[in-house]
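The following exercises concern one protein chain and are to be worked with the model at hand. Each task is followed by a stepwise solution.

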Amino acid sequence: PIQEGFNTSSRSSEENPDHKTNWCTIEAEVKSGQKPLRDALQGQQISVVFELYSYWVREDPQTGDAAGHIPDVLDELARRAGFEWRNSYILSSGLVPGETYTEYAVYYTGV
């Protein structure tokens, strides 16, 4: 996962690499009818940021992987829609001191 090379307590672009994905081509194909919505993510690798929150999202103490209800649901969605996410996720501990949720969201959408 991205987690291994990512410092979630820092917002420095020098410390944390950019993992942005441009979805514009796929969006245009869906909007134009060239690709059915149900197939839009097939074969894609998506990046996910989880905020650790008890049983909804937690770090498995034995493997260090994302675990809990939300990752389980995402696993099922990925299986049905044919995309991958397990190689590209971050387990975030939440806001850094002085950060707003807006700043948090804007930062992680740029990761």
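**Exercise 1. Determine what share of the contacts in the chain between residues at least 6 apart in sequence join residues at least 24 apart**.

Step 1. A contact is defined by heavy atoms within 4.5 Å.
Step 2. Of the contacts between residues at least 6 apart in sequence, 59% join residues at least 24 apart.
Step 3. As to provenance, the model is predicted: local features need pLDDT of at least 70, side-chain atom pairs count only at pLDDT 80 or more, and totals for chains, interfaces and linings use all residues. Numbering starts from 1 along each chain as its sequence is written, and side-chain values use heavy atoms, with hydrogens and water left out.

**Exercise 2. State the order of the helices and strands, and the buried share of the chain**.

Step 1. Helices (H or I, at least four residues) and strands (E, at least two) are DSSP runs, numbered from the N terminus.
Step 2. The chain has three helices and four strands, arranged from the N terminus on as α-β-β-β-α-β-α.
Step 3. Residues are classed as buried under 20% relative accessible area, exposed over 50%, and partly exposed in between (1.4 Å probe, protein chains only).
Step 4. Of the 111 residues, 29% count as buried.

**Exercise 3. Analyse helix H2: which of its residues are buried, and against which strands do they pack?**

Step 1. Helix H2 covers residues 69–81, 13 in number, and reaches 18 Å from its first C-alpha to its last, close to the 18 Å expected at 1.5 Å a residue. The expected span is 1.5 Å times one less than the number of residues.
Step 2. Pro71, Leu74, Ala78 and Ala81 are the buried residues in H2. Viewed down the axis of H2, the buried residues fall within an arc of 100°, so they line one face of the helix; the arc is that of the directions from the helix axis to the C-beta atoms.
Step 3. The packing partners of these buried residues are strand S1 (48–51) and strand S3 (66–67).
Step 4. On the face of H2 turned away from the buried side are the exposed residues Arg79 and Arg80.
Step 5. Glycine 82 follows H2 and has a positive phi, near 80°.

**Exercise 4. Locate the salt bridges that involve aspartate 75, glutamate 76 and lysine 31**.

Step 1. The criterion is a side-chain nitrogen of Lys or Arg within 4 Å of a carboxyl oxygen of Asp or Glu. A search of the whole structure finds five such salt bridges.
Step 2. Aspartate 75 pairs with arginine 86, with the closest N and O atoms 3.0 Å apart. Aspartate 75 lies in helix H2 and arginine 86 in the loop between H2 and strand S4 (89–92), so the pair ties together parts that are eleven residues apart in sequence.
Step 3. Glutamate 76 meets arginine 79 at 2.5 Å, N to O; both lie in helix H2, three residues apart, about one turn of the helix. Glutamate 76 is partly exposed at 29% relative accessible area, while arginine 79 is exposed at 58%.
Step 4. Salt bridges link Glu76, Arg79 and Arg80 in a network.
Step 5. Lysine 31 pairs with glutamate 27, the closest N and O atoms being 3.1 Å apart; both belong to helix H1 (residues 24–32), four residues apart.
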